[in-house]
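Trainee: Could we go through this one together, please? I'd like to look at its backbone, its interior and its chain contact.

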Amino acid sequence: MAAIDDESFVNATAEVHFGDEGSVVIRVTGEVDIATADIIRQAVAVATEPRPARLVFDLLAVDFIDSSGLAVLLEAAKTADSVRIDPASNIVRRVIEATGLSEMFGMGI
Amino acid sequence: MDARRFPNRSASVRQARRFVAEQLSELPPDLIEVVTLMVSELATNCLRHADADFTVSVQVETDRIRVVVADDGPGSPQLRSPTPSEPYGRGLQIVSEFSDDWGFDVSPGAGTSVWFSVHLEGNSASAANTTSDRSGAPIRHRVRPMSQRAAGESVDHIRDGVGDTIDDQRPRPEARRCRPTERQRSRNVAWRCRKAAVLIRF
């Protein structure tokens, strides 16, 4: 437990997967907040140079996300022709719905 | 009530979530999830806007959880409704969505404290001492996601009790205690006035 509370402990990862036909998947794990948002931001920078046709966030393994994490996703939405979240964990779905962003990220009913 | 002070650094936000989750460990995971989410938002606001250490206090009562996040910095919280093209400004929106009640106190020279509460329903024993929560005992919290609210329904209306939750259709003695007292109502009125002042600045 001490390790988790250590300031230097970073509890999130982001992987970029370049797919076919201009689609890029960023797979995020862990807790996305003010301390870890830059990890995702760096992955987005890599994934969106050059600008992809489709950017997909795989957020199934995200244990926590707050508005600092949402901010990164919304910034990323400006750097690709289309952006969606698929799949999403429960907390991601909950936060996205509460902020009225489901449609924005292709998570409609 | 348990309280802890956290230093002005980004890792404190996660530590504040851990601290609150520990205080609520007997409660349902679903509830812990939204409370820690709101704590994360308020702690982040302390770092972003006040650039100051902050203190988190957790109070678990029979029928509600109340959390206060306070800092020594200047400024007052501002509830916003950003468009999708605006990445920031959703912290208090999230608190407003997932809490049953929230507000703030700003004292010149003494910092800012923001609080929220979440009601526990059908809980006749002390929440902190209830061990049957995990087996499905009817401890629930009144969280209505935006998707279940009427389009354009404002937070003020929810606070007024217009379209309020399931309690209104199914009156139960223990649920009635969750309704605001006259004192709380008058406090909400004061809060709305302050919020209006905040909104005018936008």
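Trainee: In which loop is A:Pro50 found?

Mentor: Keep in mind that this is a predicted model, where local features need pLDDT of at least 70, side-chain atom pairs count only at pLDDT 80 or more, and totals for chains, interfaces and linings use all residues. Residues are numbered from 1 along each chain as its sequence is written, chains are lettered from A and ligands numbered from 1 in the order in which they are written, and side-chain values use heavy atoms, with hydrogens and water left out. Helices (H or I, at least four residues) and strands (E, at least two) are DSSP runs numbered from the N terminus. The peptide bond from A:Glu49 to A:Pro50 is cis, with omega near 5 degrees, and A:Pro50 lies in the loop between helix 2 (37-47) and strand 3 of chain A.

Trainee: Thanks! And which element holds A:Pro87?

Mentor: Here the bond to look at runs from A:Asp86 to A:Pro87, and it is cis with omega near -5 degrees. The element that holds A:Pro87 is strand 4 (residues 82-88) of chain A.

Trainee: What is the phi of A:Glu21?

Mentor: Find A:Glu21 in the loop between strand 1 (12-18) and strand 2 of chain A. Its phi is positive, in a residue other than glycine, with a value near 55 degrees.

Trainee: Now for the interior: which element gives the most to the lining of the largest cavity?

Mentor: On a 1 Å grid over the protein atoms alone, a cavity is a set of points where a 1.4 Å probe fits but cannot get out, and lining residues have an atom within 4 Å of a point. The search of the whole structure finds 1 cavity of 30 Å³ or more, with a volume of about 40 Å³ (the space filled by probe spheres set on the points, which are joined across faces, edges and corners). Strand 2 (23-32), strand 3 (54-65) and helix 3 (67-76) of chain A each supply at least two lining residues. The most, 3 residues, comes from strand 3 of chain A.

Trainee: How many residues of that lining are nonpolar?

Mentor: The lining includes A:Val28, A:Ile40, A:Gly69 and A:Leu73. Ala, Val, Leu, Ile, Met, Phe, Trp, Tyr, Cys and Pro count as nonpolar, Asp, Glu, Lys and Arg as charged, and the others, Gly among them, as polar. There are no charged residues and 1 polar, and the nonpolar ones number 7.

Trainee: Lastly, how many salt bridges cross the interface of chain A and chain B?

Mentor: The contact (heavy atoms within 4.5 Å) takes 31 residues from chain A and 32 residues from chain B. A salt bridge is a side-chain nitrogen of Lys or Arg within 4 Å of a carboxyl oxygen of Asp or Glu. One such pair is A:Glu31 with B:Arg17, at 2.6 Å from N to O. Across the interface, the number of salt bridges is 5.

Conventions: 1 Å grid on protein atoms, 1.4 Å probe; cavity = no way out; pocket = protein on both sides within 12 Å on 5 of 7 lines; lining within 4 Å.
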